[in-house]
Amino acid sequence: MDDVNKLGASLKWALEDYGTLGENWTIGEAEFFPRRLPNYFPRERSMMRVVE
Amino acid sequence: MWIGLAVCVVLAVLLREQSVPVAHPPSLPVPPSLPAAQISAVETSSPTPFPVVAPSLVAAPEVVNPFAPQARTPNVASAGPAAGAKVGGKDYTVSFLTSKAGVAQLMTFHGNPDARPRLLAQVLGFLDRSSAHQGRYEIDTYDCKHFAHKLFEEAQAAGFDSAFVGFTIQNYPTGHAVVAFRTSDAGNLFGDFTPRVRTSTGEQFPTKKIVYVKDGEAYVRIPLEKIPADFKNTASDFVQFRGRQLQAQTELERYNLEAKNLQDLNEELNNQILAFNESTKAFTPEDAPRFKSSVII
């Protein structure tokens, strides 16, 4: 079911923090849901994946 | 001779026709097993309906609602869908990474087949009316993906073509979630409804922001209430706002420095006054007898 976590990865879904992290974000990779085809998040280390 | 000449002319024409290359559009390799309807869908579809590019750099992409019936095509990409995924269905369950290693979180997304791109002004009006920014952030329990999910659900229910967007942040083990709205006149507009927090006090401030999302570039936010009247959702809109923001920040820092210097000066003057008062504290009620005895009449 939770195949997004096969690698045992973790990710903190952040919020902006005045004066620290939130002020200086540089985007890494963005993923969109839904995509037109159903393999929405094909990257192996995706942060999210459609499961059903 | 005439016969020979005629033969030469015919040969020359035939050779010319063979030497002129005939331009044909390159044909895509199509698996023979795919029915015509699927082939058509594949040829007219781009890999992502919401390309990760600056809004100003692309025209509004082809209008195709991924939840609409025409999107219900079998997956033809090499990776293939996750097991059990509904192809083109209305509802999806998505598994997310969480802050705990090995622990995933599931969320269900309800797509609206009738959702369609709207005008920029309509999207901004919708965002202004939305209450999806209300709520208290708590990691994993109700974090940025929940705020984005709520906004996505509201948008779909209201018929706005939209997408949930998750992105990583360079140099930090964190991700963030926003919602992309496809407009019919200004590309993709990104909304961020996650509150801001002041770590020192834990205070949270509900906010609605229009943001700039592009891989490898700075994440720029414009509070919805500060969107200029002539906002067109272009990259330069964000660059200009960021420039004004940095200028205001510089001025604020300068002001704060001056205020600090004045405060230090004030403190120093107070100390001098106290020292002066201490040094001139020659006459007190206790000193009266001594003063009286020293007076020569």
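Which exposed residues does the face of α3(B) turned away from its buried side carry? I would like to start from that helix and work outwards, keeping in mind throughout that what we have in front of us is a predicted model. The exposed residues on that face are Ala121(B), Gly125(B), Asp128(B) and Arg129(B), whereas the buried residues of α3(B) are Val123(B), Leu124(B) and Leu127(B). Those three cover an arc of only 100° around the axis, and they therefore sit on the same side of α3(B). As for what they meet there, the buried residues of this helix pack against two strands of chain B, β4 (174-182) and β5 (188-192).

Before going further into those strands, a word on confidence. The complex has an ipTM of 0.73 and a pTM of 0.64 from the predictor. For chain B the mean pLDDT is 74, with 65% of its residues at 70 or more, and the extremes both fall in helices: confidence in chain B is highest in α3(B), residues 120-129, at a mean of 97, and lowest in helix α2(B), residues 36-44, at 30. Over residues 7-63 of chain B the pLDDT stays under 50, and for that stretch the model has 51 contacts beyond four places in sequence. A further stretch, residues 69-89 of chain B, is also below 50, with 41 contacts in the model beyond near neighbours in sequence. I will leave both stretches aside.

In overall make-up, chain B has six helices and nine strands, and 29% of its 297 residues count as buried. Of its contacts with a separation of 6 or more, 51% are between residues 24 or more positions apart. Chain A has 52 residues, of which 48% count as buried, and its secondary structure consists of four strands and zero helices.

Let me return to the strands under α3(B), namely β4(B) and β5(B). These two run antiparallel and are joined by four bridges, one pair of bridge partners being Ala180(B) and Phe190(B). They form a hairpin with five residues between the strands, in which Gly187(B) takes a positive phi near 65°. On its own account, β5(B) is mostly covered, with five of its five residues buried: Asn188(B), Phe190(B) and Asp192(B) lie on one side, Leu189(B) and Gly191(B) on the other, and both faces are covered. In addition, β5(B) pairs with strand β8(B), residues 209-212, in the antiparallel sense over three bridges, and there Gly191(B) has Ile210(B) as its bridge partner.

That brings me to the largest nonpolar core, which has 50 residues, and in which Ala148(B), Val165(B), Val179(B) and Val213(B) have the most contacts. Its largest share, six residues, comes from helix α4(B), residues 144-157. If we take Val179(B) as an example, and leave out residues up to four places away in sequence, it touches, among others, Ala148(B), Leu151(B), Phe152(B), Val165(B) and Gly191(B). As a general remark, in soluble globular proteins nonpolar side chains tend to be buried together.

Where, then, do the two chains come together? One place is around Ile169(B), which is found in strand β3(B), residues 162-169. Ile169(B) counts as buried because it has 20 C-beta neighbours inside 10 Å, and among the residues that it touches are Ala14(A), Trp25(A), Thr26(A), Ile27(A) and Gly28(A), as well as Thr174(B), Gly175(B) and His176(B).

A second place is an open sheet of three strands with antiparallel pairing, in the order β4(A)-β1(B)-β2(B). Its edges are β4(A), residues 48-50, and β2(B), each of which has a single partner strand, so one side of each is left without a neighbour in the sheet. From one strand to the next the twist averages 25°. Across the chain boundary, β4(A) and β1(B) are joined by three bridges, and Met48(A) stands opposite Phe96(B). Within chain B, strands β1(B), residues 91-97, and β2(B), residues 104-110, pair over seven bridges, with Tyr92(B) partnered by Phe109(B). This hairpin has six residues between its strands, and Gly102(B) in the turn has a positive phi of about 85°.

Note on methods. Residues are numbered from 1 along each chain as its sequence is written. Chains are lettered from A and ligands numbered from 1 in the order in which they are written. This is a predicted model: local features need pLDDT of at least 70, side-chain atom pairs count only at pLDDT 80 or more; totals for chains, interfaces and linings use all residues. A nonpolar core is a set of buried Ala, Val, Leu, Ile, Met, Phe, Trp, Tyr and Cys residues joined through C-beta atoms within 7 Å. A residue is buried if 20 or more other C-beta atoms lie within 10 Å of its own, exposed if 12 or fewer, and partly exposed in between; C-beta atoms are placed from the backbone. Two residues are in contact if their C-beta atoms, placed from the backbone, lie within 7 Å. pLDDT is the predictor's confidence in each residue, from 0 to 100. Two strands pair if DSSP finds at least two bridges between them. The arc is that of the directions from the helix axis to the C-beta atoms. Axes are lines fitted to C-alpha atoms, for helices over the stretch in contact, and angles run from 0 to 180 degrees between N-to-C directions.
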